[in-house]
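Work through the following exercises with the sequence and the coordinates open side by side. Each task is followed by a solution that goes step by step.

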Amino acid sequence: MKSYTEHLWFNTRKRRELVNITPKVEELVRKSGVKEGLCLVNAMHITASVFINDDESGLHDDFEKWLEGLAPHEPISQYMHNRTGEDNADGHLKRTIMGREVVVAITKGRLDFGPWERIFYGEFDGRRRKRVLVKIIGE
Amino acid sequence: MKSYTEHLWFNTRKRRELVNITPKVEELVRKSGVKEGLCLVNAMHITASVFINDDESGLHDDFEKWLEGLAPHEPISQYMHNRTGEDNADGHLKRTIMGREVVVAITKGRLDFGPWERIFYGEFDGRRRKRVLVKIIGE
Amino acid sequence: MKSYTEHLWFNTRKRRELVNITPKVEELVRKSGVKEGLCLVNAMHITASVFINDDESGLHDDFEKWLEGLAPHEPISQYMHNRTGEDNADGHLKRTIMGREVVVAITKGRLDFGPWERIFYGEFDGRRRKRVLVKIIGE
């Protein structure tokens, strides 16, 4: 069994951003040499997400509006977590909706994807350095 | 390490449907010959879901009503994504709540399930051919 | 390829509780002898969750209030599932938001975690014995 581990670093300009990381993950799959296996991609921070959906800007606007409706940033005093001095409780909740991780099949040396599947890093408390882990196992 | 890959095809009659795919996945686990390992089952389309819950029709009605409350289909003009000519933005959001994938342990050649765990295909923009991927790795 | 399987048992005092199970999972990773691989941790019951987030009590209070807002326990008659004699339909929905499982990378014999990542058992219909499955594969 082969295994391959790499970290991707992010430092978004805005508090919330969605970043298409599919090309980076595909490159790591090639580097790993794994032909058949699994690729785990997960946020290493608990106010960020890794998820799979469409690379369509209108949909990304919909996600932003929808998540703000389900877990609003303000007023920050509505969250107990923010009494610790943080203002990112909503980021913990938004990331919970979007998910921490994806597991993707590797078949014949490539991510085994449907036609519109793309991997995104979802940042909900950005403007600082944060990491994503890519772990590939297989043969 | 063994690996096994198969696609399941769906073409639901209604826009939204939940389909119990547990027997199909169990059959693929048997075919794979894997005794100890992991089984990934994921939607390959971004308005569909694979999730694990109870095979109880009342609960499925509850899921339908609840998801419509959290991400209503209409008015379709409320979503930026639908300005591309689509009417399925709500399906992207509903699938996000329900999840893209499940990873299930295989122990002694079988899905290692609790008493009520069943795998479902969740369709949120149906009436056309769509796929689920089953990837099994182990020994 | 090595594999290792263990079940963790829970019997919470309250209907809803969040339990930090990170030390137990770390111990099982050590026992497994796996240095590079994947660790699946999943609820085996469909009104419980396994998820990763912060071990901060204010945030846990926020989760409780937020989930009650998204899927209220009462009135129990609002859910079709509860006509079967159950009163836990909300638990099925809450667990759907929080997720059934996590997959964690194992690197150099340890859970490959960011600084604040902790694994929790999320109970949404407790006061009875329920299980979590830990499945480790790798080398």
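**Exercise 1.** Find which residue stands opposite Asn42(B) in S8(B), and place this pair in its sheet.

*Solution.* In this predicted model, the residue that stands opposite Asn42(B) in S8(B) is Leu133(B). Next, look at the strands themselves: strand S3 (residues 37-43) and strand S8 (residues 130-138) of chain B run antiparallel and are joined by seven bridges. Then widen the view to the open sheet of five strands in chain B, whose order is S1-S8-S3-S5-S6, with antiparallel pairing. Strand S1 (2-10) and strand S6 (110-111) of chain B are the edge strands, each pairing on one side only.

**Exercise 2.** Determine which strands helix H1 of chain B lies across, and which of its residues are buried.

*Solution.* Begin with the packing: helix H1 (residues 22-32) of chain B lies across S1, S3, S5, S6 and S8 of chain B, and runs at about 155° to S1(B). Now take the residues of H1(B) that are buried, which are Thr22(B), Val25(B), Leu28(B), Val29(B) and Ser32(B). Seen down the axis of H1(B), these buried residues fall within an arc of 125°, so they line one face of the helix. The general reason for such a pattern is that an α-helix has 3.6 residues a turn, so residues three or four places apart point the same way. On the face of H1(B) turned away from the buried side, the exposed residues are Pro23(B), Arg30(B) and Lys31(B).

**Exercise 3.** Follow the chain beyond H1(B) and decide whether Val34(B) is buried or exposed.

*Solution.* Just after H1(B) comes Gly33(B), which takes a positive phi of about 75°. Val34(B) is found in the loop between H1 and S3 of chain B. Its relative accessible area is 1%, and because buried means under 20%, Val34(B) counts as buried. To see its surroundings, leave aside the neighbours within four places in sequence: the contacts of Val34(B) then include Lys2(B), Val29(B), Ile106(B), Ile136(B) and Ile137(B). The C-alpha atoms of Val34(B) and Ser3(B) are separated by 8.0 Å, although these residues are 31 residues apart along the chain.

**Exercise 4.** Establish how chain A is related to chain B, and what confidence scores accompany the model.

*Solution.* Chain A is superposed on chain B by a rotation of 120° with 0.0 Å of shift along its axis, giving an RMSD of 0.0 Å. The two copies are therefore related as by a three-fold rotation axis. As for confidence, the model scores ipTM 0.98 and pTM 0.98, while chain A averages a pLDDT of 98, with 100% of the residues scoring at least 70.

How values were computed:
Residues are numbered from 1 along each chain as its sequence is written. Chains are lettered from A and ligands numbered from 1 in the order in which they are written. This is a predicted model: local features need pLDDT of at least 70, side-chain atom pairs count only at pLDDT 80 or more; totals for chains, interfaces and linings use all residues. Side-chain values use heavy atoms; hydrogens and water are left out. Two strands pair if DSSP finds at least two bridges between them. Helices (H or I, at least four residues) and strands (E, at least two) are DSSP runs, numbered from the N terminus. Contact means heavy atoms within 4.5 Å. Axes are lines fitted to C-alpha atoms, for helices over the stretch in contact, and angles run from 0 to 180 degrees between N-to-C directions. Copies are superposed by least squares on the C-alpha atoms of residues with pLDDT of at least 70 in both. pLDDT is the predictor's confidence in each residue, from 0 to 100. Buried means under 20% relative accessible area, exposed over 50%, partly exposed in between (1.4 Å probe, protein chains only). The arc is that of the directions from the helix axis to the C-beta atoms.
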